[in-house]
Amino acid sequence: MFSLKFCSRLHSLPINRKPLFAFSDTTLKSLSNANVLSRLSSASSCTATAMSFQQTQNFSASSNSTSLSIFEDSPLPGLESDLVGYVFGKKKATEVAHLVWNHVVRKGDAVVDATCGNGYDTLAMLKLVADESGTGRVYGLDVQGEALVNTYSLLDETVNQAEKQLVKLFNICHSKIEEVVPKDTFVRLVAFNLGYLPGGDKTVITKSETTLLALEAAERILIQGGLISMVVYVGHPGGREEFETVEAFACRLPVDQWICCKFQMLNRPLAPVLVFLFKR
């Protein structure tokens, strides 16, 4: 069973307190030698109203095709079928997150990958903001040097030098977003992929305490019309507690300024949870 909820209202390693620096190509190679729904619905209270899948889906058919629509008059046309694909296991949570970003992010925007991991989110963001103007920026953070090496390697294999120059990588905790993004930068998207580094040390995880600080920072730097996007993994020790912290943060956001929703599989308790916080 699938649950869609609206709400009205971290790392285990120590925070890096050394002076902030961006990784150059040389530095990263050295390390490798040593990885909108603005009209969906207005939420009425912090208790969050749950809508069952059958209550929210709208079927329409023609002689040539059949389409699914979860929301009438959607401001993000085409996204409904992607969400249905996630519900029925046709799309991964990260794929759906990327599709949502595509409806929000514009060429030339500044965006933040708060947890680079192996670089796939960073790459997806770069493709959304890069254009001939060269004004777009992707700020990537990760507390693990291995994650930044993996991210750099992926970019090196898939994008050209001009595009790669738009990405700034920092070996720092995600709670330090405001130390990375220049003051007065208009940030359209801040994305989190919470948990541990795929293929890495599973004991090194994002933590509730630093994730809360990161979310509060994201709230401050996001522009109107922007998005805080989260894929929250709950199957590892500490994951459920971190998810509860994310929920509590979202529930306190004022309904006149934010639309907050989550997509969760009720009979798959260990499945990742998608959380989207849209700033009106």
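Helix H4 gives the largest share of the lining of the largest pocket, at 3 residues. The model here is a predicted one. Two other elements join helix H4 (93-104) in giving two or more residues to that lining, namely helix H5 (120-129) and strand S8 (187-194). The pocket has a volume of about 490 Å³, and its lining runs to 25 residues. Nearest the pocket centre sit Gly117, Asn193, Tyr196, Pro198 and Tyr233. As for chemistry, the lining splits into 13 polar, 9 nonpolar and 3 charged residues.

Turning to charge pairs, the count comes to 7 salt bridges. One of them pairs Lys262 with Glu247, with the closest N and O atoms 2.3 Å apart. Lys262 belongs to strand S10 (residues 258-265) and Glu247 to helix H10 (residues 239-251), so this pair ties together parts that are 15 residues apart in sequence. Lys262 is buried at 9% relative accessible area, while Glu247 is partly exposed at 29%.

Another salt bridge links the side chains of Asp156 and Lys164, at 2.7 Å from N to O. Here the lysine, Lys164, is buried, with a relative accessible area of 8%, whereas Asp156 is partly exposed at 40%. Lys176 and Glu179 also pair up, their closest N and O atoms being 3.8 Å apart. Lys176 counts as buried at 17% relative accessibility, because the cut-off for buried is under 20%; Glu179, at 45%, is partly exposed.

Then there are the cysteines. The structure holds 0 disulfides. Cys173 is buried at 1% relative accessibility, and Cys260 is buried with a relative accessible area of 1%.

Conventions:
Residues numbered from 1 in each chain as written. Predicted model: local features only at pLDDT ≥ 70, side-chain atom pairs only at ≥ 80, totals over all residues. Heavy atoms only, no water. Disulfide = S-S within 2.5 Å. Buried < 20%, exposed > 50% of the residue type's maximum accessible area, 1.4 Å probe, protein only. 1 Å grid on protein atoms, 1.4 Å probe; cavity = no way out; pocket = protein on both sides within 12 Å on 5 of 7 lines; lining within 4 Å. Points joined across faces, edges and corners; volume = space filled by probe spheres on them. Helix = DSSP H or I, 4+ residues; strand = E, 2+ residues; numbered from the N terminus. Nonpolar A, V, L, I, M, F, W, Y, C, P; charged D, E, K, R; others polar. Salt bridge = Lys/Arg side-chain N within 4 Å of Asp/Glu carboxyl O.
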